[in-house]
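Biologist: I would like a close look at the empty space in this model, the pockets and cavities, and at what lines them. After that, please go through the individual residues that deserve a comment.

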Amino acid sequence: SAVTCLSWPAENIIVFGLAEGKVRLANTKNNKSSTIYGTDSYVVSLTSNVSGKGILSGHADGTIVRFFFDDEGSGESQGKLVMHPCPPYALAWASNSIVAAGCDKKIVAYGKEGNVIQTFDYSRDSSEKEFTTAAASPGGQSVVIGSYDRLRVLNWSPRRSVWEEGKPKEIAHLYTITALAWKRDGSRICVGTLCGGVEQFDCCLRRSIYKNKFEMTYVGPSQVIVKNLSTGSRVVLKSQYGYEIDEVKILGKDRYLVAHTSDTLLLGDISSNKLSEVAWQGSGGNEKFFFDNENVCMIFNAGELTLVEYGSNEILGSVRTEFMNPHLVSVRINERRQRGTEENKRLAYLIDIKTIATVDLVSGYNAGTISHDTKIDWLELNETGHKLLFRDKKMRVRQA
């Protein structure tokens, strides 16, 4: 049977649809294929979700079918999801909904269980032809739909929880758009046409130059590509929860990324490409960030010290202290391997000007308290976190 559409959503697994209505799986390791599910209607479109662990197939009778290799704990149903009014040749699975369109000149956004969320009706627009293909951006925040001489763009607004239509891209004599494919980082899209043309478009919400050293490309509300203009290296900063990124700053000798969303804080080390996103309630941008430690970011805000390890999406630890000088805080994160110890993460800080507290960050318990008779102005843990040096105002150095 003729292969009518094909998708490669996951490693070693190719999914393809047939004219007879079957959706099959091709395993590249053993060169064998097997049927995932069968229908009685020609498969007109095939797409996968952002993670590549679920697929949708559109059929000539208007049926849209969903299948999961792994539902990732979402609990969403499988099987026939919705009956679209026409064959959904243009089908895309975005992060917040499923977008379908076809020959009736209507774009419909469906919810997770097939309920209609939004409809964009162009049936009375005489210049519009049928929709032939669609593609969701790698981050799932944008969908491009192709027709005749025209590309329409839908962008998801996290603040309003609706799809907003961008300005359509109209190109005379382009003719019918037959194929669409995004670059993996979401910065470009390729368009194939009926007449054999392949066009490439730059697609970003905005682009800016930061400190004459970095180029910031906002490819979606929740994804920013940061490029070092001198070295050409790139880091893709993305909110895994789909929150809109307000502004990206590069601090700490142009090495560390800091960005806020409505509910999270994004941090990253450009040199190691370790990125973190932690839950963070808005504090009006009054935080103070310290990047003295290569493994962990120290954040002071309203009398509280918060530690975030680069590459981890959980807050490492949080303690109350009024002393914001990084010389009065010492953090050691797995700096020297020890026998029988998998994780060794320790913190030393001042409870008050004469009292030092040490915390085991792995277990979260207080490892000890050291009281002194004079004001302390410097402290440092050794690499293993088992020894402490501190100095008081009289320039006396002590070991604990």
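Modeller: What follows takes the open pockets, then the enclosed cavities, then the cysteines and a few single residues. The model is a predicted one.

Rolling a probe the size of a water molecule over the atoms shows where empty space is left. The largest pocket has a volume of about 1,200 Å³. Its lining is made up of 38 residues, and those closest to the centre are Ser7, Thr47, Ser48, Ala135 and Ala136. Five elements give two or more residues to this lining: β1 (3–10), β5 (43–48), β9 (90–93), β13 (133–136) and β18 (177–182). The biggest share comes from β1, with 7 residues. Sorted by class, the lining of the largest pocket holds 23 nonpolar, 13 polar and 2 charged residues.

The second largest pocket has a volume of about 610 Å³. Here 29 residues form the lining, and Val50, Ala94, Ser95, Asn96 and Lys112 lie nearest the centre. The class counts for the second largest pocket are 9 nonpolar, 14 polar and 6 charged residues.

Turning to enclosed space, there are 3 cavities of 30 Å³ or more. The largest cavity has a volume of about 70 Å³. Its lining consists of Ser137, Pro138, Gly139, Gln141, Ser142, Asp185, Gly186, Val219, Gly220, Ser222 and Gln223. By class, the largest cavity is lined by 2 nonpolar, 8 polar and 1 charged residues.

The cysteines come next. A disulfide is a covalent bond between the sulfur atoms of two cysteines. A search of the whole structure returns 0 disulfides. For cysteine 86, the closest cysteine sulfur belongs to cysteine 103 and is 4.3 Å away, so the pair is too far apart for a bond; the cut-off is 2.5 Å. Cysteine 86 counts as buried because its relative accessible area is 6%, and buried means under 20%. Cysteine 297 is also buried, with a relative accessible area of 0%.

Lysine 345 lies in strand β34 (residues 345–352). With a relative accessible area of 12%, lysine 345 is buried. Its side chain makes a polar contact with the side chain of glutamate 309, at 2.8 Å. Leaving out residues up to four places away in sequence, lysine 345 touches Glu309, Leu316, Arg332, Ile333, Asn334, Val359, Asp360, Leu361 and Val362.

Arginine 206 belongs to strand β21 (residues 206–210). This arginine is partly exposed, with a relative accessible area of 41%. Beyond its neighbours within four places in sequence, arginine 206 is in contact with Met216, Thr217, Tyr218 and Asp246. Its side chain reaches the backbone oxygen of aspartate 246 at 3.5 Å. Arginine 206 and asparagine 30 are 176 residues apart along the chain, and their C-alpha atoms are separated by 45 Å.

Serine 371 is in strand β36 (residues 365–371). At 58% relative accessibility, serine 371 counts as exposed. Not counting residues up to four places away in sequence, serine 371 touches Lys354 and Thr355. From serine 371 to isoleucine 353 the C-alpha distance is 9.6 Å, and the two are 18 residues apart in sequence.

Two residues remain, and the topic is backbone phi. Most residues other than glycine have a negative phi, and most peptide bonds are trans. Lysine 105 is not a glycine, yet has a positive phi of about 65 degrees. It sits in the loop between β10 (98–101) and β11 (106–110). Lysine 105 counts as buried because its relative accessibility is 19%, and the limit for that class is under 20%.

Histidine 173, a residue other than glycine, also has a positive phi, near 65 degrees. The loop that holds histidine 173 runs between β17 (169–170) and β18. Histidine 173 counts as exposed because its relative accessibility is 67%, and exposed means over 50%.

Note on methods: Residues are numbered from 1 along each chain as its sequence is written. This is a predicted model: local features need pLDDT of at least 70, side-chain atom pairs count only at pLDDT 80 or more; totals for chains, interfaces and linings use all residues. Side-chain values use heavy atoms; hydrogens and water are left out. Helices (H or I, at least four residues) and strands (E, at least two) are DSSP runs, numbered from the N terminus. Buried means under 20% relative accessible area, exposed over 50%, partly exposed in between (1.4 Å probe, protein chains only). Contact means heavy atoms within 4.5 Å. A polar contact is a pair of N or O atoms within 3.5 Å; within protein, one must be able to donate a hydrogen and the other to accept it, and residues adjacent in sequence count only if both atoms are side-chain atoms. On a 1 Å grid over the protein atoms alone, a cavity is a set of points where a 1.4 Å probe fits but cannot get out, and a pocket is an open set with protein on both sides within 12 Å along at least five of seven lines; lining residues have an atom within 4 Å of a point. Grid points are joined across faces, edges and corners, and a volume is the space filled by probe spheres set on the points. Ala, Val, Leu, Ile, Met, Phe, Trp, Tyr, Cys and Pro count as nonpolar, Asp, Glu, Lys and Arg as charged, and the others, Gly among them, as polar.
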